[in-house]
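Please look over the structure shown here before reading on. The briefing that follows is grouped by topic and treats salt bridges, cysteines, one helix and the chain as a whole.

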Amino acid sequence: MAGVRMVTRSRSRGPRAGPRGGGEEAAQLRRGQAAAEGKKSHSPAKRQRKTQKLSVAYEVSDHEKGEGAKPPGTPGWEPLAWRQQLLNIRTMRSEKDAPVDQLGAEHCYDPSAPPKVRRYQVLLSLMLSSQTKDQVTAGAMQRLRARGLTVDSILQTDDSTLGTLIYPVGFWRSKVKYIKQTSAILQQRYGGDIPATVAELVALPGVGPKMAHLAMAVAWGAVSGIAVDTHVHRIANRLGWTKTATKSPEKTRAALEAWLPRCGRVGAGGASLSLPPPLTSHLHRELWSEINGLLVGFGQQTCLPVHPRCQDCLNRGLCPAARSLCGP
């Protein structure tokens, strides 16, 4: 895949009270939180910090799609037991009873709203969900929808009221600013709709790669890449689904996309992440879009960040990390 250079930004630490997390999205939210609260503090002169450039691969350009180009998922290195591991996770997730299954982005929009409004609500729910539990995100979306959640209504809502409505989502002060800025851009440049490419989505304030890929899948019904959050990042490394250990969700995404087939059935049983019928009519299994919902729910219920429930996991004998995490 072709690399798209992201804008260089300096990293800064967020306030102590804010949630902690890794990845570019969390860093961006911490910077916004610090800026939002900066007016109330009397901080000394700013020190210059080193900047770090991030390279994010999004879409293959036309000239790279020729006969000699290597398509995503071309057979090469792959984890030895990944097919059985995936089937086992599908079995463990067959009840679809994790928080993400009931309260994820595909459940937070108003199905009776016009398509353009539904897509905007999907994007907003994804912006709110960063560093926030699904239950909290769903509550904030309910309060916003009760007041009529559209681009115009958000732009007409003052910052204080908007903050009250979305509190206590993580980094809520920064998200007030990002939501207002993004809504203004959508009104001015896209007629109130959301962009239909990953590159345009990540250019919006407060929108990171994971949100962009999920927005493409849920709002537009297009598989643009694997959406990797902290759950997917953690579990992929524990299962050995990356050739070498990765240090960030974006590096995990690139590692997964290098070998995991984009679509196709791996074996019998299991259901893929179902995209909402009003927004897409895709009928075939897309492994790239399935991975996020599958592993997020698995991470919420079984493969926990701390004290994972290895004794309940069908992959205990196949997981390279099981012995060190839970013993023999």
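Which kind of link do the side chains of Glu78 and Arg83 meet in? They meet in a salt bridge, with a distance of 2.8 Å from N to O. The model is a predicted one, and the values given below are computed from it.

**The chain as a whole**

- The chain contains 14 helices and four strands, and buried residues account for 49% of its 328 residues.
- When contacts between residues at least 6 apart in sequence are considered, 68% of them join residues at least 24 apart.
- The accessible surface of the chain amounts to about 16,700 Å², and carbon and sulfur atoms contribute 52% of that surface.

**Salt bridges**

- Seven salt bridges are found in the structure, and the general background is that side chains of opposite charge can pair when their charged atoms come close.
- In the pair introduced above, Glu78 is partly exposed with a relative accessible area of 28%, and Arg83 is also partly exposed, with a relative accessible area of 40%.
- A salt bridge also joins Lys180 to Asp159, where the closest N and O atoms are 2.8 Å apart.
- Because Lys180 belongs to helix 8 (residues 172-189) and Asp159 to helix 7 (residues 159-166), this pair ties together parts that are 21 residues apart in sequence.
- The two partners fall into separate accessibility classes: Lys180 is buried, at a relative accessible area of 17%, whereas Asp159 is partly exposed, at 47%.
- Within helix 12, where Arg253 and Glu250 both lie, the two residues are three residues apart, about one turn of the helix, and they form a salt bridge whose closest N and O atoms are 3.0 Å apart.
- As general background to that spacing, an α-helix has 3.6 residues a turn, so residues three or four places apart point the same way.
- Arg253 is buried, with a relative accessible area of 2%, while Glu250 is partly exposed, with a relative accessible area of 21%.
- These two residues also take part in a network of salt bridges that links Glu250, Arg253 and Glu257.

**Cysteines and the disulfide**

- Searching the whole structure gives one disulfide, which is formed by Cys310 and Cys326 with their sulfur atoms 2.2 Å apart.
- This disulfide links distant parts of the chain, since Cys310 sits in the loop between helix 13 and helix 14 and Cys326 sits in helix 14, 16 residues apart.
- The link of Cys310 and Cys326 is right-handed, with 60° about the S-S bond.
- Cys310 counts as buried because its relative accessibility is 9%, whereas Cys326 is partly exposed, with a relative accessible area of 28%.
- Why is there no bond between Cys303 and the closest cysteine sulfur, in Cys319? The sulfur of Cys303 is 6.3 Å from that of Cys319, which is too far for a bond, given that a disulfide requires sulfur atoms within 2.5 Å.
- For Cys319, likewise, the closest cysteine sulfur is in Cys303.
- Cys303 is buried, with a relative accessible area of 11%, and Cys319 is buried as well, with a relative accessible area of 17%.

**Helix 11 and its surroundings**

- Helix 11 spans residues 230-239, and eight of its ten residues are buried, so this helix is largely enclosed by the rest of the structure.
- The buried residues of helix 11 are His231, Val232, His233, Arg234, Ile235, Ala236, Arg238 and Leu239.
- The cover over these buried residues includes helix 2 (82-92), helix 12 (249-257), helix 13 (287-301) and helix 14 (322-326).
- At the N-terminal end, Asp229 caps helix 11, with a side-chain oxygen lying 3.1 Å from the backbone nitrogen of His231.
- Beyond the other end, Gly240 comes just after helix 11 and takes a positive phi of about 80°.

Terms used: Residues are numbered from 1 along each chain as its sequence is written. This is a predicted model: local features need pLDDT of at least 70, side-chain atom pairs count only at pLDDT 80 or more; totals for chains, interfaces and linings use all residues. Side-chain values use heavy atoms; hydrogens and water are left out. Buried means under 20% relative accessible area, exposed over 50%, partly exposed in between (1.4 Å probe, protein chains only). Contact means heavy atoms within 4.5 Å. A polar contact is a pair of N or O atoms within 3.5 Å; within protein, one must be able to donate a hydrogen and the other to accept it, and residues adjacent in sequence count only if both atoms are side-chain atoms. Accessible areas come from the Shrake-Rupley method with a 1.4 Å probe; for residues, only the protein chains shown count as cover. A salt bridge is a side-chain nitrogen of Lys or Arg within 4 Å of a carboxyl oxygen of Asp or Glu.
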